[in-house]
Amino acid sequence: INSLEKAKKTFKIGFTGGEPFLIPNLVDASVEITKKHFVFLITNLITGKTMEFAEKISPQRIVTILASLHIKELERLNLVDKYIDTYHLYRKKGFRIRAREVAYPALLGEADKYKKYFHERGVELRFMPFKGYYNGKLYPESYTSEEFQIFSLDNSRCEIYNSKGKT
């Protein structure tokens, strides 16, 4: 806080992965930061002090919350309903929250099912490009036009992941 104050500017502070809600003092730090600055989060919505954060932090001081879905892991741990409930709590309180899942090629056959499932529960799921190797192919370069369509991706969103050799 002292360093931020010395700069005499307003900052946007991002808390991203791992999982920010596992930071023991995240809520207390956010309370102090958001008195004069803004915060954005990338979180899975199911760990740590998500409820305390929603109660203590003003939604007007949060730029956005990207709620990472990790569908298969949530299903495995039986936490899908908890994710959805927390998502709706944040929406009800006025937070700008977006549900995101990585367009991992192994999810291709179930993407439409998941989009429909979450849509029916009031969660607008969007896929983000996968960056890495799958079955010997490098992504996002290896997405086919059909895969772009299934995941509702567009090339411009993938371009941000292909910055090698660009300035």
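**Notes on a parallel sheet and its surroundings**

1. A good place to start is the pairing of β4 with β5: alanine 99 has leucine 125 of β5 as its bridge partner. From β4 the chain passes through helix α6, residues 111-120, before it reaches β5, and this β-α-β crossover is right-handed. Please keep in mind while reading that this is a predicted model.

2. Staying with that pair of strands, β4 covers residues 97-103 and is joined to β5 by five bridges, with the two running parallel. Another partnership to look at is that of alanine 103, whose bridge partner in β5 is proline 129. On burial, β4 is mostly covered, since five of its seven residues count as buried.

3. What joins β3 to β4? Four bridges do, and these strands also run parallel. Here β3 spans residues 62-68, and its serine 68 stands opposite arginine 100 in β4.

4. Stepping back to the whole sheet, you will find five strands in the order β1-β2-β3-β4-β5, forming an open sheet with parallel pairing. Which strands sit at the edges? They are β1, residues 12-15, and β5, residues 125-129, each of which pairs on one side only. On average, neighbouring strands of this sheet are turned by 25° against each other, direction ignored.

5. Helix α2 deserves a look of its own. This helix takes in residues 26-33 and lies across β1 and β2, the latter being residues 38-43. Relative to β1, α2 runs at about 170°.

6. Which residues of α2 are buried? They are Leu26, Val27, Ser30 and Ile33. Viewed down the helix axis, the buried residues of α2 fall within an arc of 125°, so they line one face of the helix. Their packing partners are β1, β2 and α3, with α3 formed by residues 50-56.

7. Now for a residue in another strand: tyrosine 139 belongs to β7, which runs over residues 137-139. Is tyrosine 139 buried or exposed? Its relative accessible area is 4%, and because the cut-off for buried is under 20%, tyrosine 139 counts as buried.

8. What does tyrosine 139 touch? With neighbours within four places in sequence left aside, tyrosine 139 is in contact with Pro105, Phe130, Lys131, Gly132, Tyr134 and Glu147. For a sense of distance, tyrosine 139 and phenylalanine 95 are 44 residues apart in sequence, and their C-alpha atoms are 32 Å apart in space.

9. Some overall figures may help to place these details. The protein chain has eight helices and seven strands, and its C-alpha atoms fill a box of roughly 50 × 40 × 25 Å along the principal axes. Of the 167 residues in the protein chain, 38% are buried.

10. Two further totals round off the picture. Taking contacts between residues at least 6 apart in sequence, 72% join residues at least 24 apart. The protein chain has an accessible surface of about 9900 Å², and carbon and sulfur atoms account for 52% of that surface.

Notes
Residues numbered from 1 in each chain as written. Predicted model: local features only at pLDDT ≥ 70, side-chain atom pairs only at ≥ 80, totals over all residues. Heavy atoms only, no water. Pairing = 2+ DSSP bridges. Axes fitted to C-alpha atoms, helices over the stretch in contact; angles between N-to-C directions. Contact = heavy atoms within 4.5 Å. Buried < 20%, exposed > 50% of the residue type's maximum accessible area, 1.4 Å probe, protein only. Right-handed = clockwise from strand over helix to strand, strands pointing away. Areas by Shrake-Rupley, 256 points an atom, 1.4 Å probe, with all protein chains shown as cover. Arc of directions from axis to C-beta.
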